[in-house]
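Visitor: I would like a close look at one part of this structure, with the aromatic residues as the starting point. Please take the rings before the backbone.

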Amino acid sequence: MATVVSPSREASPNIPSANIQLPAIQSYTQVNDDIIGTLRPTGKWFAALGFAILCMLIGATAWTWQIYMGLGVAGYTPPVMWGVYIVTFVFWVGIGHAGTLISAILYLFRAGFRTTIYRCAEAMTVFAVMTAGLFPILHLGRPWKFFYLIPYPNWRLIWPQFKSPLVWDVFAILTYLTVSATFLYIGLVPDLAAMRDRETHPVRKRLYSVLSLGWRNSDREWRHFARAYLFLAAFSTPLVLSVHSVVSFDFAMSLVPGWHATLFAPYFVAGAIFSGIGMVFTIIIPIRRWFNLKRYVTINHLDAAAKLCLFTSLVVGTAYLMEFFIGWYSGSEIEQSYWWNRVYGQWWWAAWIMLLCNCVLPLTLFSQKLRRNTTWLFILSMFINLGMWFERFVIFEPSLAHEFEPWQWTAYAPTYIDWAILLGSFGWFSMWFLLFIKNLPVIAIAEVKEIVPPPLSTPQPVEGIDVSGMHLEFEPETPGERD
Amino acid sequence: MTVRRKWAVIPGLFALGAVAVLLSAYQGATSRPDTIITEKGSWGYSAASSPQGRSPEQPIHFPHPTHVQTLGMNCLYCHYAANKSTDPGLPAVSTCMGCHLVIGPKRPAMNGRPAFESAEITKLQKYWNEKKPIPWVRIHHVPDYVNFPHMTHVNAGVTCQTCHGQVQKMTQVYQYASLNMGWCINCHVGNVNPAWKARYDCSVCHY
Amino acid sequence: MQGIVGVFRDLDSTVDAIESLKKMRAGDITVYSPAPRHEIEHIIAHGPSPVRRFTLIGGLLGATFGYWIPIWISDYWPLVVGGKPVPSWVPYTIISFELMVLIGSLATVLGLFVNSRFPRITMTVGYDPRFSDGEFGVWVQCPPDRQRDVAGALQRFGAAEVRGEA
Amino acid sequence: MTENSAPSGVGRREFLKILGAGSAATAAIGCSSDRVERLIPYLTQPDETVPGVSNYYASTCRECSVGCGVLLETRDGRTFKLEGNPDHPLNRGALCARGQASVQGLYNPDRYRGPMIRKNGKLTPATWTEALQLMGQKLGEAQSSGGAGNAVFINKHESGSFPAFLDRWLADFGMPAHLSYDALADHAVIAANRQSYGVAWPSLSFSAAKLIVSIGADFLETWGASVPQQLDFADARAKLEDAPRFVYIGPRRSLTGCNADQWVACKPGSELAIARALAGGSVQSAADASGVPAATLEALQRELGATKPSLVLAGSSGAGSMELALAVNELNKQLGNVGTTVLTDQPITSLEGIATDADINAAVEKMRAGQVPFLMVRGVNPAFTMPRAAKVADALAKVPFKVSFSSYPDETSELCDLVLPDHHPIESWGDAQPMNDVISLQQPGMDPVYDTRQTADVLIDLAKGNQRTAARYTAQNYMRWLIDNFPGGTTAFTAGLQKGIGSGSIARPAARPASTGAPQAPAIEGTNGDFYLVVYPSPTLGDGSGANKPWLQELPDPVTKICWQTWIEINQQTARKLGIDSGDVLQIKTEQGELKAPAYVYMGIQENTVAVAFGQGHSAYGRYAMGVGLNPGDVLPVGFDAASGSFAWTATKVQLTKVNEFTPLVTTEGSARQHGRGIARSVPVEELPHLEMEQEEHDMPGKPDQSYLPGLRSRMAADAMGEIGDSPSRVQKGMYDPEHWSQMAKRRWAMTIDLARCTGCSACVTACYAENNLPTVGAPYQMVHTAFLHGVPGGNILKGREMNWIRLERYWEGGEDGGEFEPRFVPMLCQHCGNAPCEPVCPVYATYHSPDGLNVQVYNRCVGTRYCSNNCPYKVRYFNWFGYGEPARPQYAWPERMSWQLNPDVTVRGKGVMEKCTFCVQRIREAEHRAKAEGREVRPNEFTTSCAQACPSRAIIFGDAADEEWSVARMAQDRRAYHVFHEQLNTYPAVVYLQKVTHPAPKAAAGA
């Protein structure tokens, strides 16, 4: 028998280590069977899609009405010039961040538990940013003039004003959308090839071949692919941090009391990742249940993600405390009065919802029992989504309502138009996501194959063949999954 | 071979996309050039400059050449306010009748041209007798948010033809310039005639 | 072009086969695998991928462009806002950064396309759908006179199927 | 992408469409929705007009009886703005809010389009021939039947030739002299003045006084000739150290009271006792009667005795007000103020000859008795201004034939059988005599908007049509009649028209004997109820005639800052006791009726008193007035001060109950407290000498140098242009370089606002609405199709969406615990910061800093991110939430003919764009163009902004701070100067405020 030189992991930085094993998966073929097998549309799925589209149409109708009548139909109450739309914008951008974190940053950090959940997360990112991108336009007084913000040679001989955080936003969001969409697509190519090779239906086969760019799993392709994938991940990592920092600049760069704080960039990024992981739970837990993918997305994966969630929650909590501390410590009456209004003013309850959902409830994740209880994780994720939406609300509205000029202090109340458009945004997001889960593999086939034991001629592992990391993060007799 | 063909396609797509974006942007940004819009098809563009080349039918087919070139009348005779007001001013019907009381529809033979009956002068007299003003159709229109003071331009020595074209040669007046912002700025910064350069601060025209 | 493709069920025998084929200088070898295996990569032993150059150049272009555009525009029609310097490079750093990431990433993708000849419409010879499923393939491009030896080698290492393609 | 939705709405160029001055044909085109833009030439060229260039016709304001001089700014056949006539001795260029809003009466969409005749029960349009023929016939009948002797003509009170002409005309038809009605006039004071001085209204010299004591006389609002009084009062206050101290005594602290240094709250009806006490009578009894601490009264008494000259004023509206007025006149005589501060030799003659309320009531009673066969009403609305208890409608029902000359469908004209709509004053000829030897001429600015006729002309035509009188009416119309009877004849008249002023005096109709037997109102103490009810005329709506003008409806009440609504003011402490909060609905009840309105908790009202403003609650009078607010007249008894015949507004106590409802107050007020943020600052007069020009302190490490560069220039902006500090070589200054050929950067437009002068009257606000095409947003019809508050008056203002580029903030200082409090007024507008926070956040350069120091807002560039507004610490940016400027939208703010008022120089903003104060940039550019055409520089103080021009306190000064020749440059150096928020935010505002100066009670008095 020929001996095979034992490969070293250093030699191949492009292949992520897999430190969470999938004991239930035995062969490559099984992976294809299981994952591509989930793609058969069902009646339930059509129902869900229909509902999502309905919600979206409600939002679209509201928007049409708003464009025709003017922004006045929304609940704006000067000086609260930025209302629910901007809140929702930041909410969705934040959601996106967890996706990139899991798919890119954890990739660089070789966190193996990302492998089976990153595809969903990345898709979530793309759709969330697509949703978020609507809101700045939606909130414009004259949305049809949006192109004024885009630098292009024009006959007016006048250009955007690059000192404005909003222009930074345009660049940041568009870059983020492009890059994460590319990242998602490149990761999909080998899987598309796998689907192409299984597909019998001529039209769909044709479609998949076009999408898979004629991928054929050759060693050269894998080489360039891995390299490109690595660089995209390397770009996405600072990008994801910068995008939400830029979003936070929209507020930190203004002089509104309660916004004008150096704390904002890290504060927003942490919040974003926190909210995103919440949304990942909301999405992944039902999927693994309905699609019967528990063998892939094991409880250990969720456990690891839950730890990340707990950590970011603690960061966010600290940020809240810091904000209030700054308000108190500044000694400035202006700072203190906005703070007071935030906690005891018109929207006091929103502030308490925020603290409860984002700081108190996540503390339960200190218990491993609850970390490994998918039902609880799902419920908690719902609270986190709610809490993070209200966090943005609490940061923006009370501050605007309580600025320097007491004569212009006011109260703010959204109208049903605002709510309809918020609903529409969820409909829009869900529509894309539902289309995604039934048309593209929700788990990265190729990457899973990397961590399942390769087929070998001899039953037991041959010396020198790396059957991908037997060193476990969880001792074998961890308490089992409760669901 | 097939691969090369593919290569041609990709940048082509990018280029197409870019062009589409620019075109759509121009569409919004400026008036639609080179479209002749007759009165019937036109719209009340309160916010966009009127389109270049537009040449609507007028209620009376007023021949500028006859009056300016043949008779040598000055623009300011009829557009009497152009040098003292933001509005150039339109001739009152009485101004027309000042001459056309005498010069009736019956035009005698003159240097080669046979005598004829002028339908236009008849129309004019009809308006006058009915004491109705003539509903001229506006051709040159800058948006409402643009303040164009005629007198400062005229007094600065900018000729009427600079913006309105050779009206004295137009049997039917059409819009000569594009009237879009770049066109204004280009002259204000002195590219057309250094002597004409003027303040190019936004608030000079937009308020 | 013509050659021999061998279909393998196991990773180790694939690796062995490649090794021996390289020894016998059988010709240009292409390995198809359902997932990237660094064992194979190690055996094939190509140099580092040139994609990184695309990335570098793209990133640099983006960064420069991101500074140049706003500065040029500020001086093109100087308007003072909030008493800030007309061309103020600090905020423009953000533009520069974003464009670096954007153009850098797109260049990376371009690099991937160029280097692995994407997109490709016609499946090249020697490919088999099983390679995206569970099995490994070894495609050896070699003149007819050597095909016999190569086929022999492949079979010797336990290829489930060996076929010549032309 | 279409541009058709850029800020457009009604364009300036709508005016070009309607060049042809006012002929019906062109008017039709002007309002046509024809998509083809038409250019309509004149038929015949009017000689004195140039299209696009304004003409100013001097005329006279007829909104109240006083008769200020105005200039009608007219262009292309449209009068679109009223400004005070600077040459007029009475108002010296100033004009109050109601005067400015007169133009909205002219173009009011609800005006009568033509004569109306009542056919089977309802008024139906008719032609003038029909109408006049009917009128002539009825007149004939009246003459022949002898009923003419009992006919009644109630005319809006006005001075000048018309009253005499009218009486003569009536006489010719055998009718008694007309009744000249003014619901706002203080008849008691007039009667008392006639008795004491022989004139109805001596002019008052506040600046000559050292102490002003006003016992309920609101001389800054509706009491007498408000504009001239305010001018003089402001001049007095501007004397700082030598300024008079001002004490206001009354149950309610009105706007005038808010300008007082001290407010003494007394029970209604106890004013007389106080006046007696001040005159040296028993302090104790006064104290008992009024609930004022005896010490306060003693101190006042002493101070009044010690300070000479002083000025004591009385304005009362209850039983026994004549007595009070007489007592005060006596007091003035005794203090030797007559001749020094009370100038009986220069009376306001326009207040002569007003019929008392009792006279009107007597006439109404006659009608009720069925003795009046023929009634004519012009310009007044007794059915609204008289209390419901007077049952005017029933009385009118008894009159066989009623003619109204009203221009608007008001409560009275709705009851009439024939409506012969009068011209609006801006369309009419006339004259007024505000002062001796001053004739203020009134000429039309434009052709009539609708098919109306001036009443005087109608009367002449009728007289001509009647064989008995025809011979005596030769003048072809009233204008000719005026000229013929004008002192000095045609030449003097035409000469006078140039300035709007002629000299000489006009024959006044003989004073008619005051009617007797008016029901004497009982003393208010006697009435039953638990709260005194004070009903006061609204400073903005006057006697309710302003209610159909959206500018006035939208103008917040200067004290309570409430608009589009009626509210009940109740004392803070009392409210606390009763658990009442602002907005809780209260019900007040009398024998006459009840009234349910939200409470406004106010420190400035006596604790046993509630107050309601009069002027709202119309049941007719057009879309802006109908169904808005309530009429306190519904709960008032019919009672008079028999001695003077003045109606007792403050006549009764009421039962007050808290209803379990809540109605939010339509107010523009956020927080009435400054929270120590130094927005409105004041300084006690004794500290004035130590006051230093605001010094920027550098105590904090790293704190930037916040001092201004010469000419109010911003350090930062200059730095940005590399003017100071190390100028980076590559910085491109462009037009910001003072040496640049455009010369723009040489100027820095700026404004000073003297809070010592400002009285908070809000005339500047309306002036801004008029000049800058600001939409009104509160009308009920504008609230349909919105997602909230469907059809609620002022709904948009509940949402804080008022569009007032300049607003008057009214802050309270102190008084939280019911003690003394100081009101402070501060006009807040765009500060045009040199270092504006709003600019750098705009992504599209829609707002930026222009070289001449303006913070420019380019509407057509704005995409509506509203970031600028978030970032504006002064909150002076306003957003077009709806298409207020787009005729197609239900929120359109200028329904048909209202749009003719739009200023052709200012873009009408469409929906979705931000707007704000521009420092009247259109006036700046217009002046620059004029100067350029004349080949010169803009002269110092050559022009000013609309607000500064209108301000009746002369508190606002505008100009170029970089040029010492302009007075603003000097004012900015004043020791009282300060800038709002500059220390905290480093914004370098171009608006400089001068601190208010307060005059606390003298120490001795305080000690007592």
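Which residues form one aromatic cluster with D:Tyr867?

Guide: The model is predicted, and what follows should be read on that basis. The cluster consists of A:Trp82, A:Phe251, A:Trp259, A:Phe264, A:Tyr267, A:Phe268, A:Tyr320, A:Phe396 and D:Tyr867. Residues of chain A and a residue of chain D thus appear together in one cluster.

The cluster belongs to a wider set of ring contacts: over all chains, the structure holds 105 aromatic pairs. A pair of aromatic rings is described by the distance of the centres and the angle of the planes. One of the pairs joins A:Phe183 to A:Tyr229, with 4.8 Å from centre to centre and 20° between the planes, and is stacked. A:Phe183 belongs to helix α5 (residues 165-198) of chain A and A:Tyr229 to helix α7 (residues 219-252) of that chain, so the pair ties together parts 46 residues apart in sequence. Both partners are buried: A:Phe183 has a relative accessibility of 1%, and A:Tyr229 has a relative accessible area of 2%.

Chain D supplies another pair, D:Tyr478 with D:Trp481; the ring centres are 5.7 Å apart and the planes lie at 15°, so this pair is stacked. Here the partners sit in one helix, α18 (residues 478-485) of chain D, and because they are three residues apart, about one helical turn separates them. D:Tyr478 is buried, at a relative accessible area of 2%. D:Trp481 is buried as well, at 13%, which falls under the 20% limit for that class.

Rings in chain D also meet charged groups. The charged end of D:Arg866 sits over the ring of D:Phe879, 5.0 Å from the ring centre. In sequence, D:Arg866 comes directly before the cluster member D:Tyr867. A second case is D:Arg168, whose charged end is placed over the ring of D:Tyr473 at 5.2 Å from its centre.

The backbone comes next. Most residues other than glycine have a negative phi, and most peptide bonds are trans. In chain A, the bond from A:Pro78 to A:Pro79 is cis, with omega near 5°. A:Pro79 lies in the loop between α2 (43-69) and α3 (84-108) of chain A. In chain D, a cis peptide bond joins D:Lys308 and D:Pro309, with omega about -10°. The loop that holds D:Pro309 runs between α12 (294-306) and β13 (310-314) of chain D.

Two residues of chain D that are not glycine have a positive phi: D:Cys920, at about 50°, and D:Arg954, at about 55°. D:Cys920 is in the loop between β36 (914-916) and α26 (921-933), and with 6% relative accessibility it counts as buried. D:Arg954 is in the loop between α27 (946-950) and β37 (956-960); at 29% relative accessibility it counts as partly exposed.

A last point concerns confidence in chain B. Its mean pLDDT is 80, and 79% of its residues reach 70 or more. Over residues 1-6 of chain B the pLDDT is below 50, and beyond near neighbours in sequence that stretch has four contacts in the model. Residues 24-46 of chain B also stay under 50, and for them the model has 62 contacts beyond four places in sequence.

Conventions. Residues numbered from 1 in each chain as written. Chains lettered and ligands numbered in written order. Predicted model: local features only at pLDDT ≥ 70, side-chain atom pairs only at ≥ 80, totals over all residues. Heavy atoms only, no water. Helix = DSSP H or I, 4+ residues; strand = E, 2+ residues; numbered from the N terminus. Buried < 20%, exposed > 50% of the residue type's maximum accessible area, 1.4 Å probe, protein only. Phe/Tyr/Trp six-rings, centres within 6.5 Å; stacked < 30°, edge-to-face > 60°. Lys NZ or Arg CZ within 6 Å of the ring centre and 35° of its normal. pLDDT = per-residue confidence, 0-100. Contact = heavy atoms within 4.5 Å.
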